[in-house]
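Reader: I would like a close look at a single part of this model, with the surroundings described only as far as they help to place that part.

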Amino acid sequence: MNGPLDLRVLVLLLSGVVVGYIAYAHPDVGVALLVAVGVVTLLYLLLGPGSGGSGPPPPR
């Protein structure tokens, strides 16, 4: 699906909404979810782009 709203973007938006609602409804759980999301994001940034990302090749 290569339309204006990619499936990955939809999954990220929906998971953001779910995590936001859980953090709003249960503040104690929200802190743990925030830490978990931060760790996953950091690992993605450190390990993702160097291991054959899905984007186009860099310009020369």
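What is the volume of the second largest pocket, and which residues line the second largest pocket?

Author: The model is a predicted one, and within it the second largest pocket has a volume of about 160 Å³. Its lining is made by Leu12, Ser15, Gly16, Val37, Val40, Thr41 and Tyr44. The elements that contribute two or more residues to this lining are α1, which covers residues 7-25, and α2. Of the elements, α2 gives the most to the lining of the second largest pocket, namely four residues. Sorted by class, the lining holds four nonpolar and three polar residues, while no charged residue takes part.

To place the pocket in its surroundings, one may turn to the protein as a whole, which has two helices and zero strands. Of its 60 residues, 5% count as buried, and the accessible surface comes to about 5500 Å², with 75% of that surface belonging to carbon and sulfur atoms.

Helix α2, which spans residues 27-47, also holds Leu43. Leu43 is classed as partly exposed because its relative accessible area is 46%, a value that lies between the limits of 20% for buried and 50% for exposed. Leu43 also belongs to a nonpolar surface patch of about 690 Å², which it makes together with Val31, Val35, Val39, Leu42, Leu46 and Leu47.

Another residue of helix α2 is Leu33, and it too is classed as partly exposed, because its relative accessible area is 24%, and the limit under which a residue counts as buried is 20%. Leu33 and Ile22 are eleven residues apart along the chain, and their C-alpha atoms are separated by 8.6 Å.

Returning to the part you asked about, the second largest pocket is thus lined by residues that include Val37 and Tyr44, and helix α2 remains the element that gives the most to that lining.

Notes
Residues numbered from 1 in each chain as written. Predicted model: local features only at pLDDT ≥ 70, side-chain atom pairs only at ≥ 80, totals over all residues. Heavy atoms only, no water. Patch = residues over 30% accessible without salt bridge, like charges linked within 9 Å, V, L, I, M, F, W, Y side chains within 5 Å. Areas by Shrake-Rupley, 256 points an atom, 1.4 Å probe, with all protein chains shown as cover. Salt bridge = Lys/Arg side-chain N within 4 Å of Asp/Glu carboxyl O. Buried < 20%, exposed > 50% of the residue type's maximum accessible area, 1.4 Å probe, protein only. 1 Å grid on protein atoms, 1.4 Å probe; cavity = no way out; pocket = protein on both sides within 12 Å on 5 of 7 lines; lining within 4 Å. Points joined across faces, edges and corners; volume = space filled by probe spheres on them. Nonpolar A, V, L, I, M, F, W, Y, C, P; charged D, E, K, R; others polar.
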